[in-house]
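Here are a few short exercises on charged side chains. Have the model open beside you and try each task before you read its solution.

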Amino acid sequence: MILACHNLEKSFGDQVIVRHGSFHIEEHEKAALTGLNGAGKSTILKMITGELAADSGEIILAKGKKLGYLSQHPMTNSTRTIYEEMETAKQYLIDLEIQIRNIESELPSLEGEALEQRLSTYHNLTSRFERDNGYAYRSEITGVLKGLGFTEEEFDKPVSSLSGGQRTRVSLGKLLLTQPDILLLDEPTNHLDLHSISWLETYLLNYSGAVLIVSHDRYFLNRVVTKIIEIEAGIITTYLGNYQDFARKKQMLRDARLKEYLNQQQEIKHQEAVIEKLRSFNREKSIKRAESREKMLAKIERIEKPVELSADMHLKLEPSVISGNDVLRVEHLSKSFPGQTLFEDISFEIKRGEHVAVIGDNGTGKTTLLKILNEVIPADSGTFTLGSNVTIGYYDQEHHVLHMDKTVFDEISDDYPSLTNTQIRNMLAAFLFTGDDVYKLIGDLSGGERGRVSLAKLMLSEANFLILDEPTNHLDVASKEILERALNDYTGTVLYVSHDRYFINETATRILELVNQKFVNYIGNYDYYLEKKEALTAAYAAPAQEDASVSESSASSGKLDWKAQKEAQAKERKRQNDLKRTEARIEELEKRSEAIDELMTHEDVYSNSVRCQELAKEKDEITSELETLYEQWETLAE
C-alpha cells in the first residue's frame, strides 16, 4: 500500500465535504476519484498533498515514497522556454552530467592515488547516471512534449507567452518526467486534444507508479483505471473496475437501496394505519396495543431515500419546425491565417437527422469552421448553403448569447416567458444551478458556469439544426448524461466539435476528422472511427511527404466528397452481407447433397426408379448451383 486515508473529516462552515472517509491506493494501482461538481474531489487531493488540512483523520504516504500533484489550474509562469522548463524536471541528471564531464577533463592531469579516487567517483557517478536513464533524458523530454501536442518549432517559446491551457500541458509534462511514486492528477485531459489524450492513456497504462485521477472523461477512465473511489454527499465508497463497471454496480446498489426504502415506507404506512385503527376502537386494550406498536415503530432505523440523480431527469429537446432533408451543403471551403493553413477546398453535406461530430487535433480549424457556418468570421473561399426551413441553435465557447447584467433565472425567463418557475428551475437544476445560484449575475459566473447557462438556453431553443462547440466542457458526468439522452432523442440535426470520446461514442452517427487540411468521413461512432482510422486516413488524407504514387492516389481520393465515401462504405457493407448469404446457401445445399447421398443407400429408395431419378435430378441441380456459388464466394471474398 502506497497511500492510505483513514476517517477523513472536512467541512467548510455548514457544508460537509467528507465524513468518516477512508480509502487506500496500492502500489502501481490506477484509481479515479469521482463525484458531482462541488462534491469535494479537488479538496481531497489538496488534503493528501498537505495544501489543505483535514479537520480530523489520518493520511499516510508510505515511507520513502514521492508524491506528484497536478492541480486543475497550475501556475507555471516562467522566463524559461518550454524545453528549458521541462529540463528542470531532470535537473539532477543535468548536474550529474556536468560533474561527469568535469571529472573527465581532470583525469589526464591526475596520477597515483588521486587518480584512483577520482576514477572511483567517476565510476559511481556514471553508474548512477546510466541507472537513471541519463543518456536518454533529452529524447524523453522531446517524447513527452510531442505527446502532449507541442511541435519542435514551439520548444523555444517562452512559457510566459503561452495560454493557460498550454501552461497546464507544460506542468503535466514536467510532472510526468519527475516520475513520482504516486501521481495525483486533477482533470489531466482538460486542454488536451484527442491525440494527446490517447498518448497520455498509453503513458499512464505503462507508468510504473500509482496514479489517482480526478476526471469527468469517462472514456479515459474506462481505458486507464481499475478502481473508482466515489464521493457522494460526504460519503466515500470504493468500487473495483473501470468507469463502466462502476456505473453498473452503482445503479444496481441504488436500485436495491430504493427498493429497500420503498418496502420500509410501505411497512411504516401499514403500521401507522393499524395504530390509527386500534385507537379508533377506543378500548383500553386496543389503545395499549396501539401504544406498543408506536414504540416499536419509533425504534425502527429509518432508511434514507437514495438521492435523486439529476441524470434521472428526462429533458426534451425538440425542434419546432421540421427542416428539409438537405440541411447543410459546404462546397470548396478554405480558411487560412497568416502562416497557417487550416483547411482548403473542403466539401461535405449534412442531411436531416444526422448527428455529426467534428474531431481533430488542436489548432486544425474545427472551431473556426463552426464560426464560419454561423457567420462569426468569413471563409477565404468557397460557399455553404443552408437547406429549407433550417433554424440554427449555436453554442459557442465565448457565450456571446448571454447578457452579463442579467441573473441566471432572468436569462432563461426573459427569453422563454411561457415557462413556469418550476420548469425553469428544473432546467437549471439539470445544469447544476440550484437554490440561490439561479439569482447570480451572468457577469459574476465562471466560464464553465456560463457554458452551462448557454447549454440550458440552447435546449429550450426549439432550433432544428444545433451547432455546438465543446458542449461537455465543465459539465459533470450526470449533466453529460442528460445532454446525451436529450441529443439522442432529438429529431433535428446536430453538428458539434468535441474532445469527449465517450460523448461522441454515445451521440454521433457520423464523424468528420479534420486531418492534413482535409476532412475524412466515418459513417459511425467513435469506436467505428478507431477501427477504420488508419485505412481511411491513408486513402483520403495522406500527408504530402509520402511517396509520389501514394500522394497521387490520395490527391485524387481527396477530391471525393463524403457522398463517395458513404457509397464506398455502403458497398463494403453490401459485400459482407452478400458473402454471408452466399456462405449460408452453400452450407444449406451441401447438407442437402449429403442427405441425398444418404437416401440413395436406403433400399426403399434405390429400388424405386422414379424416386431415384427425382433425387438424381435434384443432385445435379444442387451441384450446378454450388459451382456458381463457389465462384461467387471466391469473388466476394477477394
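**Exercise 1.** In this predicted model, decide whether Asp 500 is buried or exposed, then find its salt-bridge partner.

*Solution.* Start with accessibility: Asp 500 has a relative value of 6%. Buried means under 20%, so Asp 500 counts as buried. Next, look for the partner: the side chain of Asp 500 forms a salt bridge with that of Lys 480, at 3.2 Å from N to O. This pair links distant parts of the chain, 20 residues apart, with Asp 500 in the loop between β16 and α16 and Lys 480 in helix α15. Finally, check Lys 480, which is buried as well, with a relative accessible area of 5%.

**Exercise 2.** Find where Glu 284 and Lys 288 lie, and work out whether they are buried or exposed.

*Solution.* Both residues belong to helix α10 (residues 284-299), and 4 residues, about one turn of the helix, separate them. Their side chains meet in a salt bridge of 3.6 Å, N to O. As for accessibility, Glu 284 and Lys 288 are both exposed.

**Exercise 3.** Which side chain of opposite charge is nearest to Lys 30, and how far away is it?

*Solution.* First locate Lys 30 in strand β3 (residues 30-34). The nearest side chain of opposite charge is Glu 29, 9.5 Å away. A salt bridge needs a distance within 4 Å, and Lys 30, although buried, has none. Now turn to the backbone: the oxygen of His 28 lies 3.0 Å from a polar atom of the Lys 30 side chain. To finish, list the contacts of Lys 30 beyond four places in sequence; among them are Leu 204, Tyr 207 and Val 224.

Notes
Residues numbered from 1 in each chain as written. Predicted model: local features only at pLDDT ≥ 70, side-chain atom pairs only at ≥ 80, totals over all residues. Heavy atoms only, no water. Helix = DSSP H or I, 4+ residues; strand = E, 2+ residues; numbered from the N terminus. Buried < 20%, exposed > 50% of the residue type's maximum accessible area, 1.4 Å probe, protein only. Lys, Arg positive; Asp, Glu negative; His and termini not counted. Polar contact = N/O pair within 3.5 Å; in protein donor to acceptor, adjacent residues only side chain to side chain. Contact = heavy atoms within 4.5 Å.
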